[in-house]
Amino acid sequence: MVMVGRNDQCICGSGKKYKKCCEGKNQVTSMNVFQDEIENVLQTFYSNYPERKDIREFMELVQIWAPKLEKKLHKELVEAVALDEFFFHQRPDIWKNFLLKTAKKAMRPSMIELLQTWEKPIFFIGIVEEVNNDYFTAISALDGTSYHIQRESHKSIPLGMRVFAFLLPDGSKKENHVLAVSTLIFFHKEHAISFEQFTDAFNASGLSLEQFAKEKHLLLWEGLVENGYEGEEFTPFEQEVVEQLKEFMTDKSIDNESFVMLVEDYLIEKQPSARKAGAIAAGAIRFGQDHDLLGQKFTVKEIGESFSVSPSSLNKYYQELTAFYKEKQ
């Protein structure tokens with residue numbers, strides 16, 4: 001085995017010193033192991049609960065929520081948010097007993113200590129204020145507390161987005177550094193009114209945050225549905241852009257999910273404005289072919305005709321996407 005010094009050139013061929021390149025990637029830190037253990041604990045819970053004896057009670061809760069929400073929300077989303085309501089508000093004994101059992105089996109003292117802080121997940125709705133590599137910062141709409149929430153992916157998170165989750169300390173021991181127990185949902189700014197209405201109801205209730213969340217959780221989702229929320233990740237206009245893009249790709253037998261995700265990130269982060277969704281979709285196709293992401297070539301005229309837009313219209317978004325792509329490199 002050849003030993004590589006920290007100041008030697010990296011064996012990956014980048015030309016950089018090993019300490020500036022792959023050294024960190026090749027080290028498995030105790031924090032990496034700890035984070036894997038945390039993820040395993042949460043995955044174990046959601047894989048095994050509710051148990052058969054509790055299924056009927058959970059379904060009774062779903063039957064209360066579903067008629068009020070399913071006219072707009074998919075059944076899977078209704079069940080997902082109802083499940084956390086069941087565990088953390090209706091039957092917290094299930095969650096607490098799981099933590100006790102897990103703590104008895106845990107070998108790592110830090111895990112036992114962390115589990116003791118997980119007894120009461122924090123009901124959170126708030127506004128995204130800052131985004132970093134591993135965390136985004138969001139301010140609670142209910143009590144003004146600032147939380148640093150672990151990112152679950154590197155998909156773009158625009159400032160000002162509303163967010164919902166039940167939160168737990170993340171094990172870093174840093175103040176208000178948390179992770180989402182399960183469902184971490186972002187809402188476009190157009191749904192801000194629903195959060196404002198829920199906050200107003202809380203302020204008028206005279207209840208503690210914990211008691212209000214327990215008694216009025218459904219009120220949040222009823223307000224969202226009433227104000228047009230359908231469980232979408234994008235605005236209707238952004239959805240139309242993605243749909244037109246996918247339709248073109250399907251018609252041309254092009255399959256590149258990472259390309260679609262890049263365009264989605266562009267839409268979320270840059271929030272481009274256009275009179276026609278097709279102008280952005282057409283600009284995306286030109287960008288994709290110029291960066292060898294589509295496996296096919298089309299003239300600008302052909303692309304414009306496919307989306308019924310002018311070359312000048314699509315070029316604006318082609319240039320914006322090109323600049324966005326360079327930012328991400």
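Strands β2 and β3 pair in the antiparallel sense over 5 bridges in this predicted model. Within that pairing, Ala 138 stands opposite Tyr 147 of β3. The two strands form a hairpin with 5 residues between them, and Gly 144 in the turn has a positive phi of about 80°.

Strand β2 also pairs with β1. Strand β1 (residues 122–131) and strand β2 (residues 135–140) run in the antiparallel sense, again over 5 bridges. Here Gly 126 has Ser 140 in β2 as its bridge partner. A hairpin of 3 residues joins β1 to β2. The two pairings are set out below.

| Strand pair | Sense | Bridges | Residues in the hairpin connection |
|---|---|---|---|
| β1 and β2 | antiparallel | 5 bridges | 3 residues |
| β2 and β3 | antiparallel | 5 bridges | 5 residues |

In a regular strand, side chains alternate between the two faces of the sheet.

**Arg 151**

Arg 151 lies in the loop between β3 (146–150) and β4 (162–169). With a relative accessible area of 17%, Arg 151 falls under the 20% cut-off and is therefore buried. Its side chain reaches the backbone oxygen of Asn 132 at 2.8 Å. Not counting residues up to four places away in sequence, Arg 151 touches Val 131, Asn 132, Asn 133, Asp 134, Tyr 135, Phe 136, Ser 156 and Ile 157.

**Nonpolar cores**

In soluble globular proteins, nonpolar side chains tend to be buried together. The largest nonpolar core of this model has 51 residues, and those with the most contacts inside it are Trp 65, Trp 95, Trp 118, Phe 123, Phe 164, Leu 220 and Trp 221. Helix α3 (residues 75–90) supplies the largest share of this core, 8 residues. Apart from it lies another core, of 31 residues, including Leu 294, Phe 298, Phe 307 and Tyr 318.

Which residues does Trp 95 contact, leaving aside its neighbours within four places in sequence? They are Leu 42, Phe 45, Phe 87, Phe 88, Trp 118, Glu 119, Pro 121 and Leu 168.

**Helix α9**

Helix α9 (residues 257–270) has 14 residues, which at 1.5 Å a residue should span 20 Å; the end C-alpha atoms are 20 Å apart, so the two values agree. Buried residues in α9 are Phe 259, Val 260, Leu 262, Val 263, Glu 264, Asp 265, Tyr 266, Leu 267 and Ile 268. The list thus includes Glu 264 and Asp 265 alongside residues such as Phe 259 and Leu 262. Just after α9, Gln 271 takes a positive phi of about 45°.

Terms used
Residues numbered from 1 in each chain as written. Predicted model: local features only at pLDDT ≥ 70, side-chain atom pairs only at ≥ 80, totals over all residues. Heavy atoms only, no water. Helix = DSSP H or I, 4+ residues; strand = E, 2+ residues; numbered from the N terminus. Buried < 20%, exposed > 50% of the residue type's maximum accessible area, 1.4 Å probe, protein only. Polar contact = N/O pair within 3.5 Å; in protein donor to acceptor, adjacent residues only side chain to side chain. Contact = heavy atoms within 4.5 Å. Core = buried A, V, L, I, M, F, W, Y, C linked by side-chain atoms within 4.5 Å. Expected span 1.5 Å × (residues − 1). Pairing = 2+ DSSP bridges.
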